[in-house]
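Dear colleague,

I am handing over the structure we spoke about, with the sequence alongside. Please look it over before reading on; my notes follow below.

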Amino acid sequence: MMVKKLCCFQYLVLCSLLLAVLVSSKHQGNSANDLVDIINKNRTVQKLPQLSNSPGLGCIALQYAMECMGNCSSNNSVNCHPSEDDFTEIFAPNCGVELPTFGTISGYILGCQPKYLEPLEAFSNVLVHDKKTLSLLRNKTHTEVGVGIIKARKHKGPYLWCILFSSSQRNTTFVLDDLGEGIKQKKGCYSGTSFPCSKAHKGKGLLSNKIWILVLLCVIFFQELLRELF
């Protein structure tokens, strides 16, 4: 009997630890950072220098994606070209980017999809899917990168991904004010920060489902242990 009670206690501890890990992990879920990692791994394979993950550029990429939310076509392409003034007069101030530090944007990749895709799938199927985008990704003049992701509508897609590249001096451009905090974004997510994606992000829903499945399994197994004990 003592052994059974000990096993029961150990299982409860294990369930508690697993739940704690799953719940805490939702605060680290930022697909934009995952995409930057994939971009840099791709460049490393080609013996190209890795790009700095710029939060200021990432936030501007998010602003770019937000500007283009209504332009996702049936073939999942985005025909949207904000003016240069939009970058300095709207996007940068909305992020809290210090205007004197606004650098050179050397390229962009924009894509959309009706449903949320995991970072690697979005990279291969939506963003870098032809010679033109692959060539842009591997441009030797790039020094920094920023990624923004947003869901166009609350209950239905599409999702938009935006990658911005810069050829400016590393870590001296697109500087966020307020000691690097900038202005907190209420929708979507961007790279260079530890902030998770907003509630509209599909990944959070998937995580919630996993938590509930684990809770259910714990309850079922605990019930079986109780039957054996009593």
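**What was found**

The chain comprises 8 helices and 5 strands, and please bear in mind throughout that this is a predicted model. Along the sequence these elements follow the pattern α-α-β-α-α-β-α-α-β-β-α-β-α, and of the 230 residues in the chain 42% are buried.

The strand I would draw your attention to is S4, residues 159-166, where 8 of the 8 residues are buried, so the strand is largely enclosed by the rest of the structure. In a regular strand the side chains alternate between the two faces of the sheet. In S4 both of these faces are covered, with Tyr159, Trp161, Ile163 and Phe165 buried on one side and Leu160, Cys162, Leu164 and Ser166 buried on the other.

As for its pairing, S4 runs antiparallel to strand S2 (residues 105-113), to which 8 bridges join it, and within that pairing Ile109 stands opposite Ile163 of S4. Strand S3 (residues 144-151) is also antiparallel to S4 and is joined to it by 8 bridges; here Lys151 has Tyr159 of S4 as its bridge partner.

Turning to the surface, Asp34, Asp37, Glu118 and Glu121 form a negative patch. Of these residues, Glu121 belongs to helix H5, which spans residues 119-127, and Glu121 has a relative accessible area of 39%, so it counts as partly exposed, a class that lies between the cut-offs of under 20% for buried and over 50% for exposed.

With best regards

Key. Residues are numbered from 1 along each chain as its sequence is written. This is a predicted model: local features need pLDDT of at least 70, side-chain atom pairs count only at pLDDT 80 or more; totals for chains, interfaces and linings use all residues. Side-chain values use heavy atoms; hydrogens and water are left out. Patches are made of residues with over 30% relative accessible area and no salt bridge: like charges are joined within 9 Å, nonpolar side chains (Val, Leu, Ile, Met, Phe, Trp, Tyr) within 5 Å. Accessible areas come from the Shrake-Rupley method with a 1.4 Å probe; for residues, only the protein chains shown count as cover. A salt bridge is a side-chain nitrogen of Lys or Arg within 4 Å of a carboxyl oxygen of Asp or Glu. Lys and Arg count as positive and Asp and Glu as negative; His and the chain ends are not counted. The place of a charge is taken as NZ of Lys, CZ of Arg, CG of Asp or CD of Glu. Helices (H or I, at least four residues) and strands (E, at least two) are DSSP runs, numbered from the N terminus. Buried means under 20% relative accessible area, exposed over 50%, partly exposed in between (1.4 Å probe, protein chains only). Two strands pair if DSSP finds at least two bridges between them.
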